[in-house]
Amino acid sequence: YGQDVIRNRYIDNLVQKGGGEANATNLVLDVNTKEASYYYADCFNRNYHEPYTTQGGRKVMIRGTGNPENCIKEIDELLEVDSYCPLPPCGALGRYVPDIIPDKEYVAVSAFYYIAKALGIVGKNGFNGSATVAEYLQISFKFCQKRLHENANKFRKLLCFSGLYAARLLHSYGFNDTNKPISFVERLNNRTASWTLGALFAKREIGLLSCP
């Protein structure tokens, strides 16, 4: 899943659970409407307080609790890391992923890079940075326990969720502390590194192979 899709699923699930059998730890009842208007979310910083419209069109307010331990469990549930795996090794949703070779160097791009940059893994000059999945998770963990600056922009407000999700997604691919640190880069060979560029090269290769 992309980070926007998985984050929306996380909040929608939170609202759905709270709106069913009233979960007092996740919601606050509005004294006038008797409906849950505020929902506490573990995957956002303690002073996060933002409106959200569910897929069903319901408008609610989300308040962060800054609890990364609980958030990791909730993200793993969304990734369905314990799904049936017909062709191991498997990552999220029981989908096959190639074996990770411990002594091989790996590069992460696009959202992984921008999240790493926001977390300080990539230097202020914007050049490449590197970290193991455990380090990535630990840095995200510490950020989630902080209070947001009063002038934090939208991306900063969502960084707690984004950082933990990126770390757990990499972990689901098979990365662990026995691997070399992953390099987080914006450009490769003077080209902007992105999934769209990778998809283009993949399609090109398939096209060349299919030509007589």
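A disulfide is taken here as a pair of cysteine sulfur atoms within 2.5 Å. The structure is a predicted model, and a search of the whole of it returns three such bonds. With C85 and C90, the sulfur-to-sulfur distance is 1.9 Å, and the two residues are accordingly joined by a disulfide. The torsion about the S-S bond of C85 and C90 is about 80°, so this disulfide is right-handed. Both ends of the bond are partly exposed: C85 has a relative accessible area of 25%, and C90 has a relative accessible area of 21%.

A further disulfide is formed by C43 and C71, with the sulfur atoms 2.0 Å apart. This pair links distant parts of the chain, 28 residues apart: C43 is located in the loop between β2 (36-41) and β3 (49-53), whereas C71 belongs to helix α2 (residues 68-79). A torsion of about 110° about the S-S bond of C43 and C71 makes the disulfide right-handed. C43 and C71 are both buried.

The remaining bond connects C144 and C160, whose sulfur atoms are 2.1 Å apart. Because C144 lies in helix α4 (residues 133-144) and C160 in helix α6 (residues 159-172), the pair ties together parts that are 16 residues apart in sequence. For C144 and C160, the torsion about the S-S bond is about 110°, and the disulfide is therefore right-handed. C144 and C160 are each buried.

With bonded cysteines counted along the chain, the connectivity of the disulfides follows the pattern 1-2, 3-4, 5-6.

How values were computed: Residues numbered from 1 in each chain as written. Predicted model: local features only at pLDDT ≥ 70, side-chain atom pairs only at ≥ 80, totals over all residues. Heavy atoms only, no water. Helix = DSSP H or I, 4+ residues; strand = E, 2+ residues; numbered from the N terminus. Buried < 20%, exposed > 50% of the residue type's maximum accessible area, 1.4 Å probe, protein only.
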